[in-house]
Amino acid sequence: MAADVSRVRMDALRDHSGVGLQQGRVLPDSDLNELGDILDRRLRAQVADQRANNVAQVSKLTPGAFEITAEDGSLKIGRGRMYVDGLLAENHGDPHHAVFDGVLAEPTFDGSVDYPAQPYLPVPDPLPGGDGTHLAYLDVWQRELTYLNAPHLVESAIGVDTTTRTQTVWQVRLLADVGEAATCNGPIENWEELVAPSGARLTTGTVPVDPVDDPVCELPPTGGYRGLENHLYRVELHGIGAEGEPQFKWSRDNASIASPVVELISESSLRLSQLGHDDFIRFADNDWVEILDDNRELSRRTGELRQISVDQASGTISFDTPLPADLGPSENENATGRHLRIVLWNGVRELPDPHTAVELEHGITVEFGDDAGRPGDYWVFAARTADQSVEQLTVAPPRGIHHHYARLALISPGAVRDCRPSDPTPSAGCPCEICVTPTEHNSDTFTIQQAIERATNGATITLCPGEYLLREPLLLERVRSIVLRGPGAILTAGGTAIEVKEALDITVTGMLIVVSGTDPAVVLQDCGKTTLDNVFIDCRQSARQVGIALAGGQWITTLRRNLIFADTGIEGVTEPPRAETNGLRIEDNTIECQPPGVARDDDIVRCGITLSAPGGHRGELRITNNVVTGTDAAGIAATGLLVHGPTEPVDGVLTITGNVIETVAGVGIRTAARAVITDNEITSNQGVPDQHGIHIELAHEQEVSGHVQIVGNRAIGVGGFGILVDAPVASLLVKRNVVQNAGGGIVVRHSGRQEHICIDNNQILDLSNHHTAAFDGGADFVLGIAVLDSATGAGVVNVIGNVINGVPAQAPLASGTSAAFGVWVVLADVVRVSGNTILHVGGLALPAFGIFIGSTATEVAIADNMVRPRAEEDGRREAFWKALGVGGTAEGEPATPATVRVEGNSFYGGGVEAAAIISTVGSDAIVSTNRFVQPRPPTANDAKRALELQARRAVVQGNMAVGGAQLPVFDEPAMLFTMNDDALVAVGNMTTPGGIRIRNNPTDPPPYRGLDEVWSAVNRVV
């Protein structure tokens, strides 16, 4: 039985490389099957192209695959994998010896298989006797499986067959008496005829149509396919028929109509599982069927053709000619095990003369070539009613079954010569592959170091699976173009396992390194184009261990996809020869600084990746997509200089992106003031003080101000600041970051000058009350966003579009915490704070500011912000709270002149002073379209002002102020201005319940005077 498919589209001559699905379209079986055929051909071609003359290839992991040995008068077939013309043939081993394959992570078997017990040849060729020489060869082919010969394909939940499978079958066969002069690679009698592909050819067509005699009065007949249904026709050579002539058989349904035999009633009567699916797709009287089983199929023999009679009531079929013994009732008990079945054919005919077209049905013709072909050769072609088309085959070779062969051994009495293909023998100066086995290495017969010394000018050194004991480090010194790979290899060392020194183009990949002691597991020194890829480094048996140490110059070094268990995963050496890089890549590694099963030692410093030597990093130093866990010093520390000489910068870029860092203590990411840090995630559940998420620091005196971008990162649960910039920068962009449950938000501080700062669209959520110092040796604060400085100040500061919710988020507050700030900027030249949402700042009895802009700023713009405090249920707070403070210092010192614009904000008070206090004593202020709100007080005597403004000149327009109180109970203004009357323009403001008052000096006692009649008329008290 073949698969029930609509058509077969695969044609290698079209060079298709994939199949693309389109939305809303039907997905026929032929498209999906073609994709499988395309991928299968691609993989087979890739494997075949790697071998000279398209010979077979034995897997390096299973070097004994299909090795023929003689034992106890029989032959043994070695376990393993072998590729023949790109097809993978795998001998899984003796089923009585189950093992686990650690490389492929799957169960398998061990040991050789007896020649008579091979799984796909139920009746093997008998072992030839005599003194001759015989060739053992491997026959590999692909077999189609349906539910008839693979019942496990039926899903029991639905009880019907769904898909088919393709199975790669291998058989070890014998070619007897090939001659004593036969050699493994030389000509062997009858070999070429055996391995040659079938020469059969088929051409399809339709019956020609004669023209009509009278085209005026007669309709011309229609040519092409005349059937009423779409079909996939199958034409297959069967062999010699009863009349001694070759036959072929054909089916209009790809020979997919079939049934298992459930009982052999007699030599000419069978009971079937089912006679059909419906009234049309079923077995009927006089139908041709083929009766076969697995033994016939795997022995490359066709089944028995019979015309049948059908008894619908009993579900049986009968035929005149009895079945031969191998299919008859004597095999009844094994019928199910060997999958006895019948297949429906719509016709059986003698093979016509070459190049003679014969009609099958409905106008379809087929024409065979000169070569009679082989039984089992088949072709398929589609016929369609919509356009009366028949798929054109022109002198087409068979679509199957194609057999592929490889010589295995020459067998003669008392001797077996291995004919399996082997790799070229390595020689000096030839960049080929060198293999080392654990037995060879551990016995000093042929060590890994000897292989390295042999490969001075380049080679691939393959370590076969097993454990290699290293008494000395493997030294790759002054060598080039070497690949050291070891899938399944384990290198065990008491110190450094691999040292690469003054080498070029070295790759180490695919092995496990287990080390003890205190030396680094791998050392790379003065290397060019060196790659460490997919290596597992296990340092759990040692203390104070480094996984990979970088020393000296590193030119285009790549550390990728490694798994490292070590106190420090990757370290740049800080003492001569200290690490200097050009184009270093550290990508996709997993580093566990406190791996499972290892007790924590507080005396050990744990870092994931540290590159802190005062050397130069040229080109792009890229640290991306790594996972680092268990650190207590730093997850990633890259503070090495990106400069040359004391002041001259070089073209060096540090990029840290896409990393996941879980810290126990210490900093998540620490760099110098020249970095791009994006899309990292830093988490901790410890909350250790000064445990910052991202820390930009001044690490070396030679360092100059650079450009820093911190974008799209997440710092969760760290005890220090989420982001701390503690170095002078030429420009700073902090954008789209999330800081949550941290000791502080985003803070910029340093005695040097910050030139251009933009803190944009970040989210700072639920800050905790861990002890976090804002100034060294100074007061302690909980900060949302702060730009602070104690000397030269900052240039331009933009704080735009941030969400700050919860500063701090918990109570009681940590001992020593003196104030909380949503946004705090001091000692800057130009400040813009706009579009921020600041909620739940401070705690009860804690001094707090929503937005505070300190002294020295020459231009301040505060626009479109919303600021709310953390308040009690009744809306009152006992603490010193200001939603907005401009001018002076947080402690209330006198202000320095500044020009201030406050526009479009909403400020909510609730403290013991005004909701907003703006103090620009010697300069101008524009306050417009804001909303200043104090909560309703318990009594009028508790009323507080909504706005206090002190300026040289001021324009106040379109604001709404809720606060204060009016006589006769208590006179407290909603807005209080401190300036001369002629320096104020107040238009269109609305206050409630208090009004607007003016005083000349901050020390003037109440009652304060109101606006004159002109200004009173254009403002309103409600």
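This report describes the chain as a whole, then one of its sheets, its disulfide, a largely enclosed strand, its aromatic pairs and one buried serine.

## The chain as a whole

The structure is a predicted model. The chain contains 6 helices and 84 strands. Of its 1022 residues, 51% are buried. Among contacts with a separation of 6 or more, 70% are made by residues that stand 24 or more positions apart. The accessible surface of the chain amounts to about 44800 Å², and carbon and sulfur atoms contribute 49% of that area.

## A sheet of four strands

Strands of a sheet pair through backbone hydrogen bonds, in either a parallel or an antiparallel sense. One open sheet in this model has 4 strands in the order β10-β9-β26-β27, and their pairing is antiparallel. Its edge strands are β10 (165-175) and β27 (415-418), each of which pairs on one side only. From one strand to the next, the twist averages 25 degrees.

Within this sheet, strand β9 (residues 134-145) and strand β26 (residues 404-412) are joined in the antiparallel sense over 7 bridges. Val 140 has His 404, in β26, as its bridge partner.

## The disulfide and another cysteine

The model has 1 disulfide. Its two members are Cys 184 and Cys 419, with an S to S distance of 1.9 Å. The torsion about their S-S bond is about -65 degrees, so the disulfide is left-handed. The bond links distant parts of the chain: Cys 184 belongs to the loop between β10 and α2 (191-195), while Cys 419 belongs to the loop between β27 and β28 (433-436), and the two are 235 residues apart. Both Cys 184 and Cys 419 are buried.

Why does the sulfur of Cys 607 form no bond with the closest cysteine sulfur, in Cys 593? The two sulfur atoms are 7.2 Å apart, which is too far for a bond, since a disulfide requires sulfur atoms within 2.5 Å. Cys 607 is itself buried, with a relative accessible area of 11%.

## A largely enclosed strand

Strand β13 (residues 246-251) has 5 of its 6 residues buried, so the strand is largely enclosed by the rest of the structure. Two antiparallel pairings of β13 are described here, with β12 and with β21. The table sets out their bridges and one residue pair from each.

| Strand paired with β13 | Bridges | Residue pair |
|---|---|---|
| β12 (residues 231-240) | 6 bridges | Ile 240 and Pro 246 |
| β21 (residues 347-350) | 4 bridges | Gln 247 and Glu 350 |

The hairpin of β12 and β13 has 5 residues between the strands, and in this hairpin Gly 244 adopts a positive phi near 80 degrees.

## Aromatic pairs

How many aromatic pairs does a search of the whole structure find? The search finds 16. One of them is formed by Phe 66 and Trp 170, which meet edge-to-face at 4.9 Å centre to centre, with 85 degrees between the planes. This pair links distant parts of the chain: Phe 66 is in the loop between β1 (57-58) and β2 (68-71), Trp 170 is in strand β10, and 104 residues separate them. Phe 66 counts as buried, at 0% relative accessibility, and Trp 170 likewise counts as buried, at 1%.

A further edge-to-face pair consists of Trp 191 and Tyr 405, with 6.4 Å centre to centre and 75 degrees between the planes. Here too, distant parts of the chain are linked: Trp 191 lies in helix α2 and Tyr 405 in strand β26, 214 residues apart. Trp 191 and Tyr 405 are both buried.

Elsewhere, one aromatic cluster is formed by Phe 821, Trp 824, Phe 849 and Phe 852.

## A buried serine

Strand β67 (residues 828-834) includes Ser 834. Is Ser 834 buried or exposed? Its relative accessible area is 7%, so Ser 834 is buried. Apart from neighbours within four places in sequence, Ser 834 is in contact with Val 799, Ile 800, Gly 801, Ala 863 and Asn 865.

Methods:
Residues numbered from 1 in each chain as written. Predicted model: local features only at pLDDT ≥ 70, side-chain atom pairs only at ≥ 80, totals over all residues. Heavy atoms only, no water. Buried < 20%, exposed > 50% of the residue type's maximum accessible area, 1.4 Å probe, protein only. Contact = heavy atoms within 4.5 Å. Pairing = 2+ DSSP bridges. Axes fitted to C-alpha atoms, helices over the stretch in contact; angles between N-to-C directions. Areas by Shrake-Rupley, 256 points an atom, 1.4 Å probe, with all protein chains shown as cover. Phe/Tyr/Trp six-rings, centres within 6.5 Å; stacked < 30°, edge-to-face > 60°.
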